[in-house]
Amino acid sequence: TFNASDGVYILNVSMSDDNKTFGANVTVNFTLDTEAPVVGLIAPVNNSNSSGVTTFTYTVTQTNSLSALVACQLFGNWTSTGFVGNQTDNNPLQGLQNDFAETIDFTNNATYVIWNVRCNDTARNYGWNSTNFTLNIDYNASKVGLIAPANNTFSNGSDVVFTYIQT
């Protein structure tokens with residue numbers, strides 16, 4: 001048994017026989033890292049509403065420099081298979097905002113879904129946000145369509161009139 005705290009270690013093992021004849025020498029370098037990445041969910045805010053395509057935003061930080069961040073995965077229960085991983089980010093930015101864009105299938109008439117993000121490091125430590133977030137389903141969300149000005153319109157005046165339709 002090797003009782004140690006997180007860190008980088010060099011283990012040197014030497015062996016000899018009863019006559020003190022040197023037999024073998026082996027050196028092993030290893031890292032002990034038991035700290036999981038820290039995940040924070042940013043958006044959509046817990047208990048907010050959505051009606052389709054949703055951008056899930058999170059941050060992740062590695063609390064020590066012993067292991068590198070590997071990947072983060074978006075989990076949610078908006079598929080028929082339950083609370084499962086839906087997308088993976090193999091290059092998450094540490095300490096910055098990261099996003100997943102997800103089209104959520106609301107055909108099962110759910111009133112809400114839950115989501116979270118799980119990240120792992122090279123030591124195979126897994127970190128989640130401390131709680132799942134809830135996203136309420138808004139089946140009657142209004143939609144806005146821009147009628148004027150047309151896309152890529154140029155104007156030389158300071159007054160631009162916008163015309164839209166709401167459904």
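Visitor: Which residue joins its side chain to that of Q62 in a polar contact of 2.9 Å?

Guide: This is a predicted model: local features need pLDDT of at least 70, side-chain atom pairs count only at pLDDT 80 or more, and totals for chains, interfaces and linings use all residues. Residues are numbered from 1 along each chain as its sequence is written, and side-chain values use heavy atoms, without hydrogens or water. A polar contact is a pair of N or O atoms within 3.5 Å; within protein, one must be able to donate a hydrogen and the other to accept it, and residues adjacent in sequence count only if both atoms are side-chain atoms. The side chain that meets Q62 belongs to D121.

Visitor: Is Q62 buried or exposed?

Guide: Buried means under 20% relative accessible area, exposed over 50%, partly exposed in between (1.4 Å probe, protein chains only). Q62 has 10% relative accessibility, so the word is buried.

Visitor: In what order do the three strands of the open sheet lie?

Guide: Strands are DSSP runs (E, at least two residues), numbered from the N terminus. Two strands pair if DSSP finds at least two bridges between them. Five bridges join β3 to β5, and β5 pairs with β8 over six. The pairing is antiparallel, and the order is β3-β5-β8.

Visitor: Which residue is the bridge partner of T54 in β8?

Guide: Side chains alternate along β8: D99, A101 and T103 point to one face and are not buried, while N98, F100 and E102 point to the other and are buried. The partner of T54 is E102.

Methods
Helix = DSSP H or I, 4+ residues; strand = E, 2+ residues; numbered from the N terminus.
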